[in-house]
Amino acid sequence: MIVEMRTYTLNPGTTPEFEKRFAEALPNRTKLSPLAAFWHTEVGPLNQVIHVWPYEDMAARTRIREEATKQPGWPPNTREFVVSQKSQVFIPAPFSPKLEARQLGNLYEIRTYTMLPGAASTVIERWAEKIEGRLKYSPLAFCGHTELGGLNQWIHVWAYKDAADRFAVRDKARASGAWPPNTRGQFVKQENMFVVPAEFSPLR
């Protein structure tokens, strides 16, 4: 399984219309493969939308994307709103949950860490030791490392009821000793953003 995250930066003020047109075109696209999630940024880099597509492998991704261009109305008529586009392909961590339609929270935090080259196996091992304890406090939506795009990146996506819940959960997890894993020295950069699911996002 691979997971593609496509991040589009939009002109200011155009996110609602982009989501509307995307939603209208989506049924024909999902005849070929499912959308896992669709978010727009609330805190962090603004005016971005992120859509998440799981595939069996890279060959399936290539084939399905070619077939999708033959579907009526796909891609959606949104080009006028797009400033830039980025695609990243992730390999899920062994403990990453299955990406499927479910209600997890109203607010998602996407944390992206840049690892030292070759650190992925160590990070996976140390996270595996701690993840069960951390999941007692809030659900993990996805976790994995990049295969294509910016390399050596570790991404983890957490769901919360709201921003207050996010701060409370993180404080409780740290106080209990359940988190964080012992990965100090494995990362050279850390970033995060808060994103909100679109009405049509399967993962909400």
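Here is a short back-and-forth about rings, a lone charge and the nonpolar cores in this predicted model.

Me: Why is the Phe22 and Trp74 pair called edge-to-face?
Reply: Their ring centres lie 5.4 Å apart, and the cut-off for a pair is within 6.5 Å. The planes meet at 75°, and over 60 degrees counts as edge-to-face, so that's the label it gets. By this rule there are 15 aromatic pairs.

Me: What makes that pair a tie between separate parts of the chain?
Reply: Phe22 lies in helix α1, whereas Trp74 is in the loop between α2 and β4, so the pair links parts 52 residues apart in sequence.

Me: How do you know whether Phe22 and Trp74 are buried or exposed?
Reply: Buried means under 20% relative accessible area. Phe22 comes in at 2% and Trp74 at 13%, so both go down as buried. Both rings also belong to one aromatic cluster, along with Tyr8, Phe18, Phe38, Trp53 and Phe200.

Me: What kind of pair do Trp158 and Trp179 make, and why?
Reply: Edge-to-face again, because their planes sit at 75° with the centres 5.9 Å apart. Trp158 is in strand β7 and Trp179 in the loop between α4 and β8, so this pair ties together parts 21 residues apart. Both of these Trp residues are buried.

Me: What makes Arg29 count as sitting over the ring of Trp53?
Reply: Arg29 lies over the ring's face, 4.2 Å from the centre, and the distance limit is 6 Å. Arg166 does likewise with Phe167, at 4.8 Å from the ring centre.

Me: How do you know that Glu19 has no salt bridge?
Reply: The nearest side chain of opposite charge is Arg204, and that's 8.4 Å away. A salt bridge has to be within 4 Å, so Glu19 goes without one, buried though it is. This residue sits in helix α1. Outside its sequence neighbourhood of four places, Glu19 touches Phe38, His40, Val49, Ala198 and Phe200.

Me: Which residues have the most contacts inside the largest nonpolar core?
Reply: Trp39, Val52, Tyr108, Ile110, Phe142, Val157 and Leu203, in a core of 20 residues. Strands giving two or more residues to this core include β1, β2 and β3, while β7 gives the largest share, with three.

Me: What does Tyr108 touch?
Reply: Beyond four places in sequence, its contacts include Trp39, Val157, Trp158 and Leu203. Apart from that largest core there's another, of 19 residues, including Phe95, Leu140, Cys143 and Tyr160.

Technical notes:
Residues are numbered from 1 along each chain as its sequence is written. This is a predicted model: local features need pLDDT of at least 70, side-chain atom pairs count only at pLDDT 80 or more; totals for chains, interfaces and linings use all residues. Side-chain values use heavy atoms; hydrogens and water are left out. Rings of Phe, Tyr and Trp (its six-membered ring) pair if their centres lie within 6.5 Å; planes under 30 degrees apart count as stacked, over 60 as edge-to-face and the rest as tilted. Helices (H or I, at least four residues) and strands (E, at least two) are DSSP runs, numbered from the N terminus. Buried means under 20% relative accessible area, exposed over 50%, partly exposed in between (1.4 Å probe, protein chains only). A charge sits over a ring if NZ of Lys or CZ of Arg is within 6 Å of the ring centre and within 35 degrees of the ring normal. Lys and Arg count as positive and Asp and Glu as negative; His and the chain ends are not counted. Contact means heavy atoms within 4.5 Å. A nonpolar core is a set of buried Ala, Val, Leu, Ile, Met, Phe, Trp, Tyr and Cys residues joined through side-chain atoms within 4.5 Å.
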